[in-house]
Amino acid sequence: MDNNCCRQQLDDLFLRMIAYFSGDPKRIQHFMKVHSFARLIGTKEGMDETSLFILEAAAYTHDIGIRPAEEKYGRCDGKLQEQEGPIVAQKLLSDLGVENYMVERICYLIGHHHTYTNVDGMDYQILIEADFLVNLYEDQEDLRTIRKVYDRIFKTKTGKEIFRQMLLPEGKEEKP
């Protein structure tokens, strides 16, 4: 896998996603943060270059189904994002020249990023963890919810470490 080619495709995807969510800085900031955590966790967990590319592309595009869901149904809950996202992402990724087998996996991840059972791969696990790291903060979840998510969702060593440092600092870890 050519590193320069892949980095260029990811940069182009990043710019396309900014344009896609034009005028919506909150959603742009969200996918940027998810990408940053996903890349960090994936790198620290030793992912190979191809898997890391798939993870990074999925992190940029994981919420791409929000707009079509809002347009069609007037809402954008997780299941509708999963339903509508892969259709939009497939065209975008293909237009950028991403190889078909990678497009398929990225679309699978987009279509399952709110499904927390039968997680079949490190890319899937890390995408979920990165999205939770951002969502728990953005949604200002309570400590009980934060602890429950940590216990039920987080599996990677790096994801758990970031979670503890960010959301369960000293003094917050004791159970009430």
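In this predicted model, the crossing of helices α4 and α5 is right-handed. Two packed helices are described by the angle between their axes and the distance between the axes. For α4 (residues 66–73) and α5 (residues 78–95), the axes come within 7 Å and cross at roughly 115°. On the α4 side, the contact is made by Ile66, Pro68, Ala69, Lys72 and Tyr73. Their partners on α5 are Leu80, Gln81, Gln83, Glu84 and Val88. Sorted by class, the residues of this contact are six nonpolar, two polar and two charged. An α-helix has 3.6 residues a turn, so residues three or four places apart point the same way. This rule is handy to keep in mind when looking at any of the helices in the picture.

Aromatic rings offer another way into the fold. A search of the whole structure finds ten aromatic pairs. One of them joins Phe14 and Phe31, whose ring centres are 6.1 Å apart, with 80° between the planes. This arrangement is edge-to-face. The two rings come from distant parts of the chain: Phe14 belongs to helix α1 (residues 3–20) and Phe31 to helix α2 (residues 25–44), with their positions 17 residues apart in the numbering. How exposed or buried are these two rings' residues? Phe14 counts as partly exposed because its relative accessibility is 23%, whereas Phe31 is buried, with a relative accessible area of 2%.

Phe14 also pairs with Tyr60. Here the ring centres are 4.9 Å apart and the planes meet at 15°, so this pair is stacked. Again, distant parts of the chain are linked, as Phe14 is in helix α1 and Tyr60 is in helix α3 (residues 49–61), 46 residues apart. Tyr60 is buried, because its relative accessible area is 4%, under the 20% cut-off. Phe14 thus takes part in an edge-to-face pair with Phe31 and in a stacked pair with Tyr60. Widening the view, Phe14, Tyr20, Phe21, Phe31 and Tyr60 form one aromatic cluster. Tyr20, a member of this cluster, has a charged visitor as well: the charged end of Arg67 sits over the ring of Tyr20, 4.2 Å from the ring centre.

Helix α1 holds further residues worth a look. Gln9 has its place in this helix and counts as buried, at 12% relative accessibility. What does Gln9 touch, not counting residues up to four places away in sequence? The residues in question are Phe53, Leu96, Gly97 and Val98. Arg7 lies in helix α1 too, but this residue is partly exposed, with a relative accessible area of 32%. Leaving aside neighbours within four places in sequence, Arg7 is in contact with Arg39 and Glu56. From Arg7 to Gly42, which is 35 residues away along the chain, the C-alpha atoms are separated by 15 Å.

In helix α2, Gln29 is partly exposed, and its relative accessible area is 43%. The C-alpha atoms of Gln29 and His112 are separated by 21 Å, with the two residues 83 places apart along the chain.

Attention now turns to helix α6. Its buried residues are Met102, Val103, Arg105, Ile106, Cys107, Leu109 and Ile110. Which helices do they pack against? The buried residues of α6 pack against α3, α5 and α7.

Finally, two loop residues stand out by their backbone angles. Asn118 has a positive phi of about 55°, although this residue is not a glycine. Its location is the loop between α6 (100–110) and α7 (122–138). Is Asn118 buried or exposed? At 70% relative accessibility, Asn118 counts as exposed, because that value is over the 50% cut-off. Gln140 likewise is a residue other than glycine with a positive phi, in this case near 50°. Gln140 is found in the loop between α7 and α8 (143–153). With a relative accessibility of 57%, Gln140 also counts as exposed.

Technical notes: Residues numbered from 1 in each chain as written. Predicted model: local features only at pLDDT ≥ 70, side-chain atom pairs only at ≥ 80, totals over all residues. Heavy atoms only, no water. Phe/Tyr/Trp six-rings, centres within 6.5 Å; stacked < 30°, edge-to-face > 60°. Helix = DSSP H or I, 4+ residues; strand = E, 2+ residues; numbered from the N terminus. Buried < 20%, exposed > 50% of the residue type's maximum accessible area, 1.4 Å probe, protein only. Lys NZ or Arg CZ within 6 Å of the ring centre and 35° of its normal. Axes fitted to C-alpha atoms, helices over the stretch in contact; angles between N-to-C directions. Left-handed = near helix turned anticlockwise from the far one by under 90°. Contact = heavy atoms within 4.5 Å. Nonpolar A, V, L, I, M, F, W, Y, C, P; charged D, E, K, R; others polar.
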